[in-house]
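Please take a moment to look over the sequence and the model below before reading on. The paragraphs that follow go through a few places in turn, beginning with a question.

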Amino acid sequence: VGLAALSPIDRAALRINGKGDYPPLHLRRHSGPLVAFDRAASEFVGYLAALTDLGPSSNVLDMGCGSGALAIMLRERLVDGSYRGFDVHEPSVRWARSHLGDDRFAFQSFDYWNATYNPPGQRHLPWPVDNDWADVTLLKSVFTHMLPEDVAFYLSELARTLRPGGRAITTAFTFDAVDDEVRERFPHEGEGYRYLRSTSPESAIAFPREWLVDSARAAGLVPTMYLGYWRRQQERPLAYQDVMALSADSSALPT
Ligand SMILES: C[S@@+](CC[C@H](N)C(=O)[O-])C[C@H]1O[C@@H](n2cnc3c(N)ncnc32)[C@H](O)[C@@H]1O
């Protein structure tokens, strides 16, 4: 049964569960596993609260916002701050803008190239955000779908748009050595990355951890890694994917 056929049932179930403001099934699916849509977003609000200075008046930049999962979870907290969400997937942004947008919550299409998500887009396109605008930036499961060259460019844009003292959270799959588990999860090898599906590298990508951390430093950011439980034997994992928290200055993050 296709997602479109299930849509009316889904809409009714959302309403019964007090989730009438959630995006339709096919847009939630675009953002990842359906079960994780709100669960993962509320989990990340917790990480933002713990690892950044997220407060009621923050300026929050959500690059790769999908159809607005984080915005839905942030509305109660961000009582007089601003939220700006960007994504290359026009249908998600259009839905979010018309259902969740207002004068403080803005959603905008960003025409950046991605072979899987936005093939006609442009590479090395600056973020349409002023220097030092963001107090808090999130890229949740976005580097997971980008090639190294674009990740490095995004890190420089993240550094440019994050105010001095601001903090960011990004997620990615990273590895320090290519062991059996990494080979099993990401069987294919690209230039400077590994990937899951031979036909579509951007479906899920993993980077050498040292490369990601060095790229953040090269952009002028101070990275702290929190490894994830996608690795079976990870001690004290934080989230599913590895989290790289970034500071625009050298103030220490909890380890
Ligand atoms: C796995 S989804 C995550 C969505 C959202 N961050 C969340 O966690 O619910 C990845 C998102 O990144 C977007 N995306 C892919 N490449 C991008 C890029 N270069 N710039 C901005 N968004 C991008 C996709 O369209 C998709 O909405």
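Is Ser203 buried or exposed? In this predicted model, Ser203 has a relative accessible area of 18%, and because a residue counts as buried when that value is under 20%, Ser203 is buried. As for its place along the chain, Ser203 lies in the loop that runs between strand 7 (193–195) and strand 8 (205–208). The side chain of Ser203 also makes a polar contact, at 3.4 Å, with the side chain of Arg197.

The next place to look is the ligand, which takes up the space of the largest pocket. There are 17 residues around the ligand, and those that come nearest are His30, Gly64, Asp87, Lys140 and Tyr154. An oxygen atom of the ligand is 2.5 Å from an N or O atom in the side chain of Lys140, while a polar side-chain atom of Asp87 lies 2.6 Å from an oxygen atom of the ligand. With Gly64 it is the backbone that takes part, since one of its N or O atoms there lies 2.6 Å from a nitrogen atom of the ligand. On its own the ligand has 590 Å² of accessible area, and the protein covers 96% of this.

Tyr154, one of the residues that come nearest to the ligand, leads on to helix 6, where Tyr154 is among the buried residues, together with others including Pro148, Asp150, Phe153 and Leu158. Helix 6 has 14 residues (148–161), so at 1.5 Å a residue it should span 20 Å, and this agrees with its end C-alpha atoms, which are 20 Å apart.

How values were computed:
Residues are numbered from 1 along each chain as its sequence is written. This is a predicted model: local features need pLDDT of at least 70, side-chain atom pairs count only at pLDDT 80 or more; totals for chains, interfaces and linings use all residues. Side-chain values use heavy atoms; hydrogens and water are left out. Helices (H or I, at least four residues) and strands (E, at least two) are DSSP runs, numbered from the N terminus. The expected span of a helix is 1.5 Å times one less than its number of residues. Buried means under 20% relative accessible area, exposed over 50%, partly exposed in between (1.4 Å probe, protein chains only). A residue is near a molecule or strand if one of its heavy atoms lies within 4 Å of it. A polar contact is a pair of N or O atoms within 3.5 Å; within protein, one must be able to donate a hydrogen and the other to accept it, and residues adjacent in sequence count only if both atoms are side-chain atoms. Accessible areas come from the Shrake-Rupley method with a 1.4 Å probe; for residues, only the protein chains shown count as cover. On a 1 Å grid over the protein atoms alone, a cavity is a set of points where a 1.4 Å probe fits but cannot get out, and a pocket is an open set with protein on both sides within 12 Å along at least five of seven lines; lining residues have an atom within 4 Å of a point. A molecule sits in a cavity or pocket if more than half of its atoms lie within 2 Å of its grid points.
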